[in-house]
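Please prepare a short briefing on this structure for a first-year student, grouped by topic and written in whole sentences.

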Amino acid sequence: MKKKNSARPGTLRRVLGYIGHTKGVLVLSLFFSLLVVVCTLGIPYCIGLAIDAVSGASPDRDNVLFYLGLALGLTVLGTLSHFALDFVGKRAVYSVLHRIRGDAMAKINRLPLSYLDSHRTGDIMSRITSDADHFADGLLLGFTQFATGVFTILGTVVFMFTIHPKIALFVIVATPLSLFAARFIANRTYRFSRARAEAQGNATAYTEEMLSSLKTVIAFSAQAQSAARFAEKNEKLHDTSLKAVFFSSLVNPVTRFVNALVYAGVCFFGAYAILQGGFFAMPGFSVGLLSTLLNYASQYTKPFNEISGVAAELQSSLACAERIFELLDAPEVSPDGEMTPENVQGKVAIHGLSFSYDKDKRLIEDMDLSVPAGHRIAIVGPTGCGKTTLINLLMRFYEPDKGSITLDGTDLRAISRSSLRAQYGMVLQDTWLSGGTVRENIAMGRPNATMEEIVDAAKRSHAHSFIARLPKQYDTVLGENGGGLSAGQKQLLCIARIMLCMPPMLILDEATSNIDTRTELKISDAFETLMKGKTSFIVAHRLSTIKNADLILVMKDGNIVEMGDHDTLLQSGGFYHTLWNSQFEGA
């Protein structure tokens with residue numbers, strides 16, 4: 001496969017689209033760039049006039065002081081203009097960075113769960129953080145140096161042709177050599193910069209995975225294997241970074257060498273014009289003008305050097321921007337429904353449902369089910385049989401490949417996802433807590449809940465006793481994902497959220513898996529109250545927790561192989577009977 005050496009044209013257009021939102025700042029940037037150039041080009045002209053004033057037959061002291069004072073004034077004004085240009089450029093760049101990161105985060109909220117399941121968290125984080133930072137660095141160089149470089153080139157060309165057209169022509173003809181060299185290098189810079197960004201994303205993803213599962217790694221004494229895998233990814237990042245840095249660093253030396261040759265040529269031809277005349281003879285050409293011309297020749301070639309460096313950096317930043325745009329272009333969730341259900345009864349029906357994560361591997365096929373309102377449905381079966389998948393479909397985390405699911409007779413696809421999920425209270429085996437206070441975590445579903453309601457929910461979930469022992473009780477700030485709390489305590493806080501919201505339907509996916517048996521008995525009483533009159537779906541491996549369910553669905557290989565209440569399924573001697581005995585024989 002042919003490797004890409006430059007960014008897609010669409011990437012550059014989209015970057016310009018983001019820049020277009022900062023038109024006012026962009027105009028200011030161009031103004032200060034022009035002012036910097038005017039001051040920079042005016043200084044050598046004043047110095048040249050001062051040299052002529054002092055080197056003549058009768059040196060003119062007043063003119064020398066005037067031109068030197070004017071040069072000093074232009075220096076001060078140029079310095080202030082350069083500061084303003086740098087400030088305005090950074091403001092524009094960080095405005096673009098703010099927008100693109102905001103768009104990326106908004107995009108994540110619109111991505112289907114299938115995308116997040118198939119892409120590593122660390123790589124997505126790298127696109128929003130590291131890639132965005134590298135993109136901003138290249139863009140900042142473009143704002144502060146590109147326009148200034150273009151204005152400098154145009155200005156020096158005009159001045160050089162005014163002073164000595166023939167030498168000016170030599171400078172212009174010789175300069176493209178550095179451009180060709182820079183273009184050659186910039187193309188390779190893009191390729192290796194993109195490879196570096198991808199390698200950094202892989203290294204970040206692996207680091208995030210290892211940090212989140214460090215206890216497991218240590219428990220299995222897998223530190224050596226983990227370090228070896230990281231070393232492999234780090235080595236690849238090292239190699240691609242060196243190649244990217246090598247080519248980006250090559251621009252300056254190559255272009256400076258060409259520029260030095262041009263400068264030497266101007267010095268030689270200029271001196272020859274003064275001493276010998278000949279082809280390069282020019283009326284009125286003096287030592288002061290030669291000094292000015294040398295300065296302009298140096299300033300003329302310098303922007304090519306800077307622009308070449310900017311071009312290489314822009315190729316690197318465009319490689320990072322392309323990775324961000326790949327995230328922004330990812331397919332979003334299917335169109336949302338518009339209905340908002342009211343007075344939900346909780347009658348759920350499944351008709352001819354088929355679904356699989358991998359289209360080559362079948363999972364759920366032609367499932368039919370009718371759940372009356374207010375019934376308690378338990379879903380059991382071996383790992384990988386489709387229990388959690390069914391929950392994902394009920395919540396519209398995934399869409400069916402075929403068939404439909406209805407709530408009170410309305411197809412779920414016609415109901416907006418947010419209003420559908422508001423009807424469910426969901427407690428998962430994997431807990432999630434934010435970095436806020438205990439009170440904020442419990443009130444996540446009802447931010448306006450009173451303190452009395454929050455405490456009541458905590459008491460009903462049996463979380464109040466351990467909260468009361470925390471340093472600041474309900475105002476205790478939790479660490480990342482509830483750091484400092486045990487797995488059972490985090491689960492109790494998640495259950496307290498549901499107790500506070502009191503939704504019309506419930507989904508409990510191994511909700512008491514991290515709680516000791518004594519606390520589980522208390523929670524079961526609370527759940528009995530909570531589930532009364534509500535349609536509830538309970539996923540459980542411990543079959544003792546679902547004996548009182550109205551209906552037990554026994555799943556195997558994506559299909560419902562048995563259904564009925566606990567006693568009926570035991571008496572049938574089928575797969576549920578086998579599962580039950582495997583858990584309780586010898587107990």
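In this predicted model, D411 is partly exposed, with a relative accessible area of 25%. The side chain of D411 meets that of R413 in a salt bridge, at 3.2 Å from N to O, and R413 is likewise partly exposed, at a relative accessible area of 35%. The points below begin with salt bridges and then turn to the sheet, the nonpolar cores, a helix and a surface patch.

**Salt bridges**

- Side chains of opposite charge can pair when their charged atoms come close.
- The structure holds eight salt bridges, and one of them links R446 to E453, whose closest N and O atoms are 2.9 Å apart.
- Both ends of that pair are partly exposed, since R446 has a relative accessible area of 29% and E453 has a relative accessibility of 31%.
- Salt bridges with shared partners also join R396, E399 and R417 into one network.
- Within this network, the side chains of E399 and R396 meet at 2.7 Å, N to O, where R396 is buried with a relative accessible area of 3%, whereas E399 counts as partly exposed at 22%.

**The sheet**

- Four strands form an open sheet in the order β2-β1-β4-β5, and the pairing is antiparallel.
- Strands β2 (364-371) and β5 (410-411) stand at the edges, and because each has a single partner strand, one side of each is left without a neighbour in the sheet.
- Strand β1, which covers residues 348-355, pairs with strand β4, residues 402-407, over five bridges in the antiparallel sense.
- The bridge partner that H351 finds in β4 is S404.

**Nonpolar cores**

- In soluble globular proteins, nonpolar side chains tend to be buried together.
- The largest nonpolar core of this model has 42 residues, and those with the most contacts inside it are I442, I467, L493 and I552.
- Helix α16 (residues 487-501) gives the largest share of this core, namely eight residues.
- Another core lies apart from it and has 32 residues, including M367, L412, Y424 and M555.
- If neighbours within four places in sequence are left aside, I442 is in contact with I454, A458, I467, Y474, L493, A496, R497 and L500.

**An enclosed helix**

- Why is helix α11 (residues 387-394) described as largely enclosed by the rest of the structure? The reason is that seven of its eight residues are buried.
- The buried residues of α11 are K387, T389, L390, I391, N392, L393 and L394.
- Just after α11 comes R396, which takes a positive phi of about 60°, and R396 is also the buried residue that forms the salt bridge with E399.

**A nonpolar surface patch**

- Not every nonpolar side chain lies in a core, as L72, V76 and L80 make a nonpolar surface patch of about 300 Å².
- L72 has its place in helix α3, which runs over residues 61-110, and L72 is exposed, with a relative accessible area of 56%.
- An α-helix has 3.6 residues a turn, so residues three or four places apart point the same way.

How values were computed. Residues are numbered from 1 along each chain as its sequence is written. This is a predicted model: local features need pLDDT of at least 70, side-chain atom pairs count only at pLDDT 80 or more; totals for chains, interfaces and linings use all residues. Side-chain values use heavy atoms; hydrogens and water are left out. Patches are made of residues with over 30% relative accessible area and no salt bridge: like charges are joined within 9 Å, nonpolar side chains (Val, Leu, Ile, Met, Phe, Trp, Tyr) within 5 Å. Accessible areas come from the Shrake-Rupley method with a 1.4 Å probe; for residues, only the protein chains shown count as cover. A salt bridge is a side-chain nitrogen of Lys or Arg within 4 Å of a carboxyl oxygen of Asp or Glu. Helices (H or I, at least four residues) and strands (E, at least two) are DSSP runs, numbered from the N terminus. Buried means under 20% relative accessible area, exposed over 50%, partly exposed in between (1.4 Å probe, protein chains only). A nonpolar core is a set of buried Ala, Val, Leu, Ile, Met, Phe, Trp, Tyr and Cys residues joined through side-chain atoms within 4.5 Å. Contact means heavy atoms within 4.5 Å. Two strands pair if DSSP finds at least two bridges between them.
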